[in-house]
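Student: Please take a close look at the part where the two chains meet, and then follow the contacts and charge pairs outward from there. One connected account is enough.

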Amino acid sequence: MNYSKLLIIIFICALVMYLLRMLPLVFCKGKIKNKFLQSFLTYVPYAVLTSMTIPEVFSCTPNFLACTLGFGTAVLLAYFGQGLLTVALSSTAVVFVIGQLVEHFKF
Amino acid sequence: MQESVTETKNNFKKGFKEGLPIALGYFPVAFACGVTANKAGLTLWLNQLMSCLTYTGSGILAILNLIQGGEVFLFTYALTLFVVNCRYILFSLALAQRLDRNMGTLQRMIFSFFNTDEIFAIVTQQKGDLKAPYLFGVATLPYISWAIGTLAGCLFTDIMPISVSTAMGIIVYAMFTAIIVPAVKTSKPVLCVVAISVFLSIILECIPAVKQMLSSGWIIIICTIIASSIGAVLFPVNDEEDQ
């Protein structure tokens, strides 16, 4: 693909991305009065994050066992009140160690 | 006046710190994007232009996929990106309800560019109205990390050990978990919404016919709309509550 075609593709993608993010934020300034919509939007963050995490987290690395244990670590640490950074780094460490072990010993 | 300047600074600092874990999480994702772009044949400059202008990991991987496939129709690119990322409409709608009234159109237009999954997830955890300095504080480090990460990925495609970058694949999900779990622990409605999302997401992802028809972008939207609607019907929020 030639250079100018790639440039056009990039600008179109940037535009689509920006409009998706910008339009609702700029044009829905007033507080929504409708009770259903209000409640709906309150729950959106949790529903979105959950459906992005599950089931993808179990296949986020090629090793299912490592993913599952890493995810388990994240759930436990978060449950016991650990912060974002601790949770993120600990579960990465678990995935790394398990991944290495599995590769080494060919479970 | 002096006091409000201090307040602005403090708000920014608070947000700046909260952006750190997101920035750490972005680096490996950005690195992976850079590596993929390099392998797809994009020049360093094109890769950097794309990552800095679109600012979306999942979106870029989808675009690169099309570029590698030699797709020529521009509409396909626009539509793919729309489908992969139309959850941002929901994000922005939800966020619009939480913004400080004094936040002007220009500030909204600028911030919306930086509104990613993770930034949305962090800022909506705050109680009360969201102020502009705080929002821009949160947005700062992740964007820098993103830009440096894609550059590094493109420059040092073969340097990062595969074992490390593979393990880092879980960071983003671990962050989401760290946000969902405490909320589930303290709120029954959220527990219910999360349980429904888990159930629907697994069902939809596991039915081959559905998986063939719908990209995971659509599955996320469908799960979100159904689960949040059920939550809204069963547990309507009170106006007095600040959430």
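Tutor: In this predicted model, chain B and chain A bury about 7,600 Å² between them, and 76% of that area is on carbon and sulfur atoms. The size of an interface is often given as the accessible area lost when the parts come together. In terms of residues, 101 residues of chain B are in contact with 67 residues of chain A. Three residues of chain B, namely B:Gln97, B:Ile170 and B:Tyr173, supply 9% of the area that chain B buries against chain A, more than any other three residues. By element, helix α10 of chain B (residues 171-186) gives the largest share of the side that touches chain A, with 13 residues.

The polar side of the interface can be counted too. Between chain B and chain A there are 14 residue pairs in polar contact, with both residues at pLDDT 80 or more. The count of salt bridges between chain B and chain A is zero.

One residue to examine at this boundary is B:Ser92, placed in helix α5 (residues 87-96) of chain B. A polar atom of the side chain of B:Ser92 lies 2.7 Å from the backbone oxygen of A:Arg21. Leaving out residues up to four places away in sequence, B:Ser92 touches A:Leu20, A:Arg21, A:Pro24 and A:Leu25 of chain A, and B:Asn115 of chain B. The relative accessible area of B:Ser92 is 0%, so B:Ser92 is buried.

Both chains also contribute to a feature on the surface. A:Phe36 and A:Leu37, together with B:Ile226, B:Ile230, B:Val233 and B:Leu234, make a nonpolar surface patch of about 500 Å². The elements that give two or more residues to this patch are α2 (35-53) of chain A and α13 (216-234) of chain B. Helix α13 of chain B provides the largest share of the patch, four residues. One of the patch residues, B:Ile226, lies in helix α13 of chain B. With a relative accessible area of 36%, B:Ile226 is partly exposed.

Next come the charge pairs. Side chains of opposite charge can pair when their charged atoms come close. Over all chains, the structure holds three salt bridges.

The pair B:Asp117 and B:Arg87 forms a salt bridge in which the closest N and O atoms are 2.7 Å apart. This pair links distant parts of the chain, with B:Asp117 in helix α7 (residues 117-123) of chain B and B:Arg87 in helix α5 of chain B, 30 residues apart. Both B:Asp117 and B:Arg87 are buried. Helix α5 of chain B is also the place of B:Ser92, the residue whose side chain has a polar atom 2.7 Å from the backbone oxygen of A:Arg21.

Another salt bridge joins B:Lys14 to B:Glu18, with 3.4 Å between the closest N and O atoms. These residues are separated by about one helical turn because they are four residues apart in helix α1 (residues 2-39) of chain B. B:Lys14 has a relative accessible area of 37% and is partly exposed. B:Glu18, at 22% relative accessibility, also counts as partly exposed.

A further salt bridge is formed by B:Glu205 and B:Lys211, whose closest N and O atoms are 3.0 Å apart. Here B:Glu205 is buried, with a relative accessible area of 15%, whereas B:Lys211 is partly exposed at 35%.

Helix α1 of chain B also holds B:Asn11. At 18% relative accessibility, B:Asn11 counts as buried. Apart from neighbours within four places in sequence, B:Asn11 is in contact with B:Lys131, B:Pro133 and B:Tyr134.

A last residue, B:Thr157, sits in the loop between α8 (132-155) and α9 (162-167) of chain B. Not counting residues up to four places away in sequence, B:Thr157 touches B:Val35, B:Asn38, B:Lys39 and B:Ala152. B:Thr157 has a relative accessible area of 16% and is therefore buried, the limit being under 20%. From B:Thr157 to B:Ile180 the C-alpha to C-alpha distance is 34 Å, with their positions 23 residues apart in sequence.

Notes. Residues numbered from 1 in each chain as written. Chains lettered and ligands numbered in written order. Predicted model: local features only at pLDDT ≥ 70, side-chain atom pairs only at ≥ 80, totals over all residues. Heavy atoms only, no water. Patch = residues over 30% accessible without salt bridge, like charges linked within 9 Å, V, L, I, M, F, W, Y side chains within 5 Å. Areas by Shrake-Rupley, 256 points an atom, 1.4 Å probe, with all protein chains shown as cover. Salt bridge = Lys/Arg side-chain N within 4 Å of Asp/Glu carboxyl O. Buried < 20%, exposed > 50% of the residue type's maximum accessible area, 1.4 Å probe, protein only. Contact = heavy atoms within 4.5 Å. Buried area = accessible area lost by both parts, 1.4 Å probe. Polar contact = N/O pair within 3.5 Å; in protein donor to acceptor, adjacent residues only side chain to side chain.
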